[in-house]
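Me: Could you give me a close look at one strand in this model and the sheet that holds it? Once that part is clear, walk me outward through whatever else connects to the picture.

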Amino acid sequence: MLRLLLLMVSCGHGPGLALAEGSRSLQIATFSTDITIPIGHRCMGVLKTKSQRIDDPLEARGLVLLGSGSPVVLVALDWCEVRNASYDQWRTSLAAASGTTRDRVLVCSLHQHDAPVVDAGAQDYLDSVGLQGELFDREFHARCIRQAALAVGKALASAKPLTHIGRGQAKVDQIASNRRVVHADGSVHFDRYSRMSPDSYQAQAKEGEIDPMLKSITFYSGDTAVAVLSSYATHPMSHYGAGAVSADFVGLARRRRQTETPGTFQIYASGCSGDVTAGKYNDGAAETRGILADRLYEAMKQASRRIDKRPVGQVSFRHQPFQLPFHEGESMTRTSMDRVLHDSDASVEERITAAMGLSSLDRVERGQPIDLPCLDFGDTKVTLLPGEAFVKYQLISQQLRPDSFVMAIGYGECWPGYVPTERAFQEGFGHGWRWVGRGCEAIIRDKLDRVLGPQ
């Protein structure tokens, strides 16, 4: 069935292509599919405890916009990260299914930790040293992509006219706090994690730099709200690592909204939150997950009540390719990472990390860029940044276009891991989940200015 769909697209007869070229009116289609990992699958790429039970399912939820050039696809995955060749596979398959090009497919992860990391190049390296399936299950991954592509094709057949969009936002109460903490002696440490003891210095410290607002964009067909895209900048973890698969508090909040708005398709995407966690307000207790979900849900509901609805005009799409420098450390050289990969005395998790580093270095050395897209509705814009971009990049996006409603989403192509600001580099941010080197801020700021600036 998928082969038939791809053949139709390649011959110019795909449903997405026909709609885009055959209609002057804008249209929207929504799709979803289950992407829950099987029991025994690794979570977060390197967690020691593999999946043992399913607390709640993982989903891919997305939309397709048609009628203004080639279709644009946006999909948000309840996965930790999608990297390198695996990221390419998602974009290529969804592009074929919708009759568009890969640069017009926006794939983001929500970054829950009780969920998988997928990187085909890294798994190739692991296979070469006898660690088949240690990072992710290839057959499961391929099945998820096939299901998503088929869901896109099915959705296009029931696309609805897109006549209006609505923008709304609401302050989120007591979830986000910055990793950066200034300690009593004046030293700076990035040591506020996703869960902290309420009595700890980190939990007592100020929130720090965050974006307190949840933003939502509602897509209307006449008076009917067809879909809502919501985004908020925080790591989406309450408790994790015990083998219980979950979309965590962000998934629970989204599902609660979906239940009470059955005719409106709910999509949630994490904002730029590499350095933002719930640590100030999260003690890691099981019951706290529900409390955080309630707080996010309330913001979603409030944002929906503050909608500024307006007719939608021409939709435009732009993107800027760019490259980021690779990590500067000695431990991140090809020789060092290859040594760890082949070291049978190293832990499996260390060898997985080395394999991911090698896969990312391969990408950088062959010059394959990252895409920075902008989906532009005039005074409403959506952009997608790579990896664990720090919240400052989201704030920069908004500052560049103070006349527009800018939604900056994080966790696109995730090979960079953390993407710190220049100040964070100067202050010694050195987390092991960082594959990029200094100079990122100047590069990304320039590209944001290009895609978001007046056209």
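Reply: Here's the strand first, then its sheet, and then some other parts of the chain.

A quick word on what we're looking at. This is a predicted model, with residues numbered from 1 along each chain as its sequence is written. Local features need pLDDT of at least 70 and side-chain atom pairs pLDDT 80 or more, while totals for chains, interfaces and linings use all residues; side-chain values use heavy atoms, with hydrogens and water left out. The average pLDDT (the predictor's confidence in each residue, from 0 to 100) is 94 for the protein, and 95% of the residues score at least 70. Residues 1-23 are another matter, with pLDDT below 50. Even so, that stretch has 33 contacts (heavy atoms within 4.5 Å) in the model beyond near neighbours in sequence.

The strand to zoom in on is β3, residues 59-66. (Strands are DSSP runs of E, at least two residues, and helices are runs of H or I, at least four, numbered from the N terminus.) Eight of its eight residues are buried, so β3 is largely enclosed by the rest of the structure. (Buried is under 20% relative accessible area, exposed over 50%, partly exposed in between, with a 1.4 Å probe on protein chains only.) Look at it face by face: E59, R61, L63 and L65 sit on one side, with A60, G62, V64 and L66 on the other. Both faces are covered, and note that E59 and R61 are among the buried residues.

Now for its neighbours. On one flank, β3 pairs with β1 (residues 27-34) in the antiparallel sense, over eight bridges. (Strands pair if DSSP finds at least two bridges between them.) Two spots make handy landmarks: Q27 stands opposite L66, and F31 has G62 as its bridge partner. On the other flank comes β4 (residues 72-77), again antiparallel, this time over six bridges. Here L65 is matched with V72. The β3-β4 connection is a hairpin with five residues in between, and G67 in that turn has a positive phi of about 105 degrees.

Step back and you get an open sheet of five strands, ordered β6-β4-β3-β1-β8, with mixed pairing. At the edges stand β6 (105-109) and β8 (160-161), each with a single partner strand, so one side of each has no neighbour in the sheet. Helix α5 (residues 138-156) packs on this sheet and touches both β1 and β3. Its direction makes about 150 degrees with that of β1 (axes are lines fitted to C-alpha atoms, for helices over the stretch in contact, with N-to-C angles from 0 to 180 degrees).

That helix turns up again in the largest nonpolar core, which has 137 residues. (Such a core is a set of buried Ala, Val, Leu, Ile, Met, Phe, Trp, Tyr and Cys residues joined through side-chain atoms within 4.5 Å.) The largest share, nine residues, comes from α5. W79, W90, F219 and L296 touch the most other members. F219 links back to our strand: leaving aside neighbours within four places in sequence, its contacts include L63, along with I28, L162 and F377.

There's another open sheet of five strands, with the order β16-β14-β13-β9-β18 and mixed pairing. Its edge strands, β16 (265-270) and β18 (308-311), each pair on one side only, and the twist averages 20 degrees from one strand to the next. Four bridges join β9 (residues 164-171) to β18 in an antiparallel arrangement, with R167 opposite D308. Helix α8 (residues 286-304) lies across β9, β13, β14 and β16, at about 135 degrees to β9.

Further along, β23 (residues 405-409) has five of its five residues buried: F405, M407 and I409 on one side, V406 and A408 on the other. It runs parallel to β21 (residues 380-384), joined by five bridges, and T383 is partnered with A408.

Last stop: H319 in strand β19 (residues 316-322). At 28% relative accessibility, H319 is partly exposed. Its side chain makes a polar contact with that of D371, at 3.1 Å (N or O atoms within 3.5 Å, one able to donate a hydrogen and the other to accept it within protein; residues adjacent in sequence count only if both are side-chain atoms). Beyond four places in sequence, H319 is also in contact with D103, L372, P373 and V451.
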